[in-house]
Structures are given as C-alpha cells and as structure tokens.
Amino acid sequence: MPLKRRKHRLPYPAPPVSSHRQPAQHSRTPRRIAQPDSGSGKQPHREGGRRSSSPRLASAMGIGYVLGAIGGALLVHAAYATIQYRAVLKITEEEFSHPPFDVIIQLLVGLALCMWAGVSVPAKFLSVLPHSEENRIVSLPANLDFMIFNHRGRALPSDADLKLKI
Amino acid sequence: MAATGDDVPIIQAENLTSNVRSILYSRTFLSITGGVVAGIWGFTGLTGFIFYFLIMMVASLGLLAKSKFSVHSYFDSWSRILVEGVFGGLMSFVLFWTFAYDIVHIF
C-alpha cells in the first residue's frame, strides 16, 4: 500500500513526483517529460555535429572527422598526381594550363567532403531565444522543503506561462 | 522587467558567442581547404579570389542549412551568418593558396 501524500495546497502546480514505484498491474501511458533539445527529430543529415547523446552512430561526431580526413587524403593524392603530371609535361616540354580531368574531379570531391565536414563538425548551434525549450530560465532546485512562496512577490505581475524545469 | 515593449530583445549571450565561434571555425577551415584546392588547381590572380568568394557563398548556404533557415533563433542578425569571418578567412586562403601552389607547381 503506497504512502498517502499530503494534500497539495499551494498555488503553483504540483511538481511531478519521480519517486513513485510503478504498480505492476497498471499500464501507464508514458509521461511527457520535456527533454532538452531533442524535440526536433527532423535532422536527417546532420549527425556529424551533434553532441553524442544519440547512440545511433558509434561516435556521433566521428563521421564528420572521418569525412574530413577522407577529403584531406583525396586532396593530398590530387596534389601528388598534379606534381607527377607536371613532371611529364616538363619532359614533353608543354605548357601547364590545368590539371588532368580526373585530378580535377578528385579535387572537387575532396573539396565537397571537406566542406561537409567543415560545416557539420563545429559545435551545433544553440538557440538564443530566452523562451525556447532549451533555454528555460525558471528551474526548481532539488529540495523544495525550504522554499517559501508566501512573500511580497505575490504582488508582482506574474508571467502566467513560466515553465517549470525540475 | 516585462519582456514586452523592450527596445533591446533579450537573447542568451553565451549561446550567441558559441554560435559565432562555431561559424568562425567553419569559415576558417573552409578557407584553408579552398586555398589548398586553388593552389593545386593552379589558379593565379583574379581567378583565385573569385574562387574564394564562391567557396564563401557555398559556405554561407551550408551554414544557413545548419541553422535550419531560422536565423533569428540562433543569431541576432542576418549579417552575422553571412559576413562574419569572410575577410579573416581571406588571409588564410591566400596563405594556403600560395603554399600549395609553391609545393605543387614550383618545387
């Protein structure tokens, strides 16, 4: 038989209790606890820059580094190929105007990979709006027993939709 | 104290600083990469600078996509995401451009 809770009389809404033991026969609907910054699931192609909170990839930020390394390796290989091409041109005594076509393709692919890595690896953008989900300013500390609410602050105009974060 | 009727919008300053630093890192890295590509390709003169501004425009598109096109929820003005770091990156671009050109074409 679970302990009976005191009746909640204060004007703020009751904080959700996180210490209930779940009775075995109930099937509770999952409670919506607000998660920081995982509301928008619409990021299909940006795994490279996220903090590693998602276990989907072995290392969430690692894919960006891998792509950058592959791009860098392609650029180095293209440089080596161009040096060899110039050596051949020196033998046949022709003018150098542009690298051969496949080296250009290699350069463009390496550039594209490095650009992808360069945009996705640095830190993800954090919201600057004060009222967004991630930037909740109001938070209740862990112990509510010593907080009183019966002070002069009652007379101030209050923001009715301040969100509580516990 | 009220948020309505303010002249200056309230923004989270440390998040803004972190976002600006992030686009600075992105643009610096892309300038360096663009410089290396321009050097290997053999650009000389004005063509190289045109290539640089092309790279910066593609970088702006990439950063806009990273911010999911809602610039005002991550920055305080449009000019930040489009202009910040472009002229600083120009110096890095020219440095790595001449460096790569020397390695590939002269030595």
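Here is a short back-and-forth on how some labels in this predicted model are earned.

Me: What should I know about the ground rules?
Reply: It's a predicted model, where local features need pLDDT of at least 70, side-chain atom pairs count only at pLDDT 80 or more, and totals for chains, interfaces and linings use all residues. Residues are numbered from 1 along each chain as its sequence is written, chains are lettered from A and ligands numbered from 1 in the order in which they are written, and side-chain values use heavy atoms, with hydrogens and water left out.

Me: What does the predictor say about its confidence in chain B?
Reply: pLDDT is the predictor's confidence in each residue, from 0 to 100. Chain B has a mean of 85, with 92% of its residues at 70 or more. Residues 1-5 of chain B stay under 50. Where pLDDT is low, don't read the predicted coordinates in detail. For the complex, the predictor gives an ipTM of 0.85 and a pTM of 0.65.

Me: What makes residues 86-106 of chain B a helix, and what span is expected for α4?
Reply: Helices are DSSP runs of H or I with at least four residues, numbered from the N terminus. Helix α4 of chain B has 21 residues. The expected span is 1.5 Å times one less than the number of residues, which gives 30 Å here, and α4 reaches 29 Å from its first C-alpha to its last.

Me: Why is B:Phe93 called buried?
Reply: Buried means under 20% relative accessible area, exposed means over 50%, and partly exposed is in between (1.4 Å probe, protein chains only). B:Phe93 has 0%, so it is buried. B:Trp97, at 8%, is buried too. Both residues lie in α4 of chain B, four residues apart, about one turn of the helix.

Me: What covers the buried residues of α4(B)?
Reply: The cover includes α1 (62-92) of chain A, together with α1 (13-41), α2 (46-66) and α3 (78-83) of chain B.

Me: Why is the B:Trp41 and B:Phe43 pair called stacked, and the B:Phe93 and B:Trp97 pair tilted?
Reply: Rings of Phe, Tyr and Trp (its six-membered ring) pair if their centres lie within 6.5 Å; planes under 30 degrees apart count as stacked, over 60 as edge-to-face and the rest as tilted. There are eleven such pairs over all chains. B:Trp41 and B:Phe43 sit 5.2 Å centre to centre with 20° between the planes, which is stacked. Both of these residues are buried. B:Phe93 and B:Trp97 have their centres 5.4 Å apart and their planes at 40°, so that pair is tilted. B:Phe93 and B:Trp97 also belong to one aromatic cluster with B:Phe49, B:Tyr52 and B:Phe53.

Me: How do you know that A:Arg86 sits over the ring of A:Phe96?
Reply: A charge sits over a ring if NZ of Lys or CZ of Arg is within 6 Å of the ring centre and within 35 degrees of the ring normal. The charged end of A:Arg86 is 4.8 Å from the ring centre of A:Phe96. Across chains, B:Lys66 lies over the face of A:Phe125, at 5.0 Å from the ring centre.

Me: Why is B:Phe69 called exposed?
Reply: Its relative accessibility is 58%, so B:Phe69 counts as exposed. B:Lys68 has 34%, so it is partly exposed. B:Lys68 lies in the loop between α2 and α3 of chain B, and B:Phe69 is found there as well. Neither is a glycine, yet phi is positive: near 55° for B:Lys68 and about 60° for B:Phe69.

Key:
Helices (H or I, at least four residues) and strands (E, at least two) are DSSP runs, numbered from the N terminus. Contact means heavy atoms within 4.5 Å.
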